[in-house]
Amino acid sequence: MTSDTTVTQKIELPTREDETWWRQAAVYQIYPRSFADLNGDGIGDLRGIASRVPYLAELGIDAVWLSPFYPSALADGGYDVADYRDVDSRIGTLDDFDELVDALHAANIRVVVDIVPNHSSDQHAWFQAALAAGRGSAERARYIFREGGGERGELPPSDWESMFGGSAWTRVADGQWYLHTFATEQPDFNWDNREVRDDFLTTLRFWADRGVDGFRVDVAHLLVKDLPETLPSRMELDAMDAASGSHPLMDRDEVHDVYAEWRALFDTYDPPRTAVAEAHVSTPERRARYASALGLGQAFNFDLMGADFDAAQFRAIVTENLAQADLTGSSSTWVFSNHDATRHATRYGLPPARGTGQKAGTAWMLAGAPAGEIDLAGGVRRARAATMFLLGLPGSAYLYQGEELGLHEVGVIPGSRRQDPAYLRCADTGAWSFDGLGRDGCRVPLPWRSEGASFGFGPGESHLPQPAWFAQYSVEAEDADPDSTLNLYRHALALRHRLQSAEHLEWIETAARDVLHYRRPNGWEIVTNFGADAVALPSGRIVLATGPVTDTLPGETTVWLAP
Ligand code: BGC
């Protein structure tokens, strides 16, 4: 057995003109307000991101996905967009954006931006015009306004709840109500309105013309709705078949007419612009529709986020999703962490029964549980093993800023500093709220240095408080440690391109129940031991290992083996 962890062979990377770059890309999600703050206002900015392009290039990612940076009152972390074709002045300017795109492209990194089409901010000019214009107006027809129930319209039109808790309807001064699937400040658009469709085409063209390579489409399954005169109750809605394609509120078949128009637009560019759908739908077959080459082309698969660190669960998910990808002709996607979920190092540090992704129970574990109940080191060990399993798979890997540091979720944030409406709207009602603590804990600004103001995030304080333990996860600390998670990611991302000759894997059966072993077409094998005990190490030359390996494969460890 030999061990070789140096990269010697030069690899041909896809060029900017390559139409298929997205199929097996490592896409790194940046939450701009929490990445790097150059101007010192406590909020990350585009020039801060530009200053870190060398870091991104060294990391070895193929693309960045920028969460919303548009003007926003920040009622939902920027997913309440006040102007789709501008940059929030706290984050920068359109010139800064152009410079950032140029810098990323010069480093052979593509740029994906977030498009939020289900709803705007209530500060958007169209919503303000709708309020001013009154009932029955063309301005109101761009959103979903209804008369209320009760004798004087004083009751909401239905008992529907918003995703962040509380009623999904809010009453305006003249007595009408508007629908908001999310926060009050996020009125839903009416996608039956041609003006809305045309305006989004203009927005997509605006960013594609600026050189953006692709789009991440927020809640892609919710845009098109069909609201009958008499609205069904919440219970009636719940009893309806969400996979029928005719549910009044979600995943309606007609939503694909919208994406066919978007595809036609994307295909006028060379190379065609790409898109990935965030579509929370009820079956893999329904998800596949969003990934169609006639539509958005790719869809997120969040299945691994909800899985335990468990060989059987991982294998079933991988097998099913690769089969789906074969059917659609798209490539599969893999995600462990994003701006909406408890970081996976922390999920895997929870006691097994509760360590299952975004499930109720995580809240008290993070907030109130004795610190000893979270196995911090074990969480990082399992996250490293799981991520290196994922990075070996065919398809695109979506990575979330900070996971390359093995960063944990920040569980303790004073209520007065929390920002997430999922927390603020739900704290008192006990409604579903992303683990009860909301999503601020995974959005705390990154630690770049081990000391100093905001750990090098910026010259001053950061908009969400960083805990003292961030020091040990800083880029500075990990850069200096050859065994750090950061150096592991760099090494894996550099090697990953060699695995990608074809989008295929072959399972190799093993005697050990807790071990998954697969081979890629270049002959490399990826072996993960999900169990606690060491197992026999298959033969091969170790090119990557997530922990110390001797002549056996220790528990909770992944190796990549070359023949
Ligand atoms: C985004 C969330 C956001 C919601 C409403 C989601 O799926 O990822 O961060 O709160 O859409 O826009």
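**Close-up 1. Polar contacts hold the view on the ligand and Asp76, His119 and Asp340**. In this predicted model, a polar side-chain atom of Asp76 lies 2.6 Å from an oxygen atom of the ligand, and a polar side-chain atom of His119 lies 2.9 Å from a ligand oxygen atom. In the side chain of Asp340, an N or O atom is 2.5 Å from an oxygen atom of the ligand; a polar contact here is a pair of N or O atoms within 3.5 Å. The protein covers 97% of the 300 Å² of accessible area that the ligand has on its own, where accessible areas come from the Shrake-Rupley method with a 1.4 Å probe. Residues are numbered from 1 along each chain as its sequence is written, and side-chain values use heavy atoms, with hydrogens and water left out. Because the model is predicted, local features need pLDDT of at least 70 and side-chain atom pairs count only at pLDDT 80 or more, whereas totals for chains, interfaces and linings use all residues.

**Close-up 2. The shell around the ligand**. The ligand is surrounded by 13 residues, of which the closest are Asp76, Asp218, Glu278, His339 and Asp340; a residue is counted as near if one of its heavy atoms lies within 4 Å. By class, this shell has four nonpolar, two polar and seven charged residues, with Asp, Glu, Lys and Arg counting as charged, Ala, Val, Leu, Ile, Met, Phe, Trp, Tyr, Cys and Pro as nonpolar, and the others, Gly among them, as polar.

**Close-up 3. An open sheet of eight strands with parallel pairing**. The strand order is β9-β8-β7-β3-β2-β1-β11-β10, where strands (E, at least two residues) and helices (H or I, at least four) are DSSP runs numbered from the N terminus, and two strands pair if DSSP finds at least two bridges between them. Since β9 (297-299) and β10 (333-335) stand at the edges, each has a single partner strand, so one side of each is left without a neighbour in the sheet. From one strand to the next, the twist averages 25°. Within this sheet, four bridges join β1 (residues 26-30) to β2 (residues 63-66), and Val27 stands opposite Ala63 in β2. Helix α5 (residues 194-209) lies across β3 (110-115) and β7 (214-217), at about 160° to β3; contact means heavy atoms within 4.5 Å, and angles run from 0 to 180 degrees between N-to-C directions of axes fitted to C-alpha atoms, for helices over the stretch in contact.

**Close-up 4. An open sheet of five strands with antiparallel pairing**. Here the order is β12-β13-β14-β18-β16. Strands β14 (residues 525-529) and β18 (residues 557-562) pair over five bridges, and the bridge partner of Thr528 is Thr558 in β18. Helix α12 (residues 376-391) lies across β12, β13, β14, β16 and β18, running at about 35° to β18.

**Close-up 5. Backbone details in two loops**. Most residues other than glycine have a negative phi, and most peptide bonds are trans. A cis peptide bond, with omega of about -5°, joins Asp270 and Pro271, and Pro271 is placed in the loop between α7 (255-266) and β8 (274-277). Asn108, although not a glycine, has a positive phi of about 60°, and its place is in the loop between α3 (94-106) and β3.

Terms used: Polar contact = N/O pair within 3.5 Å; in protein donor to acceptor, adjacent residues only side chain to side chain.
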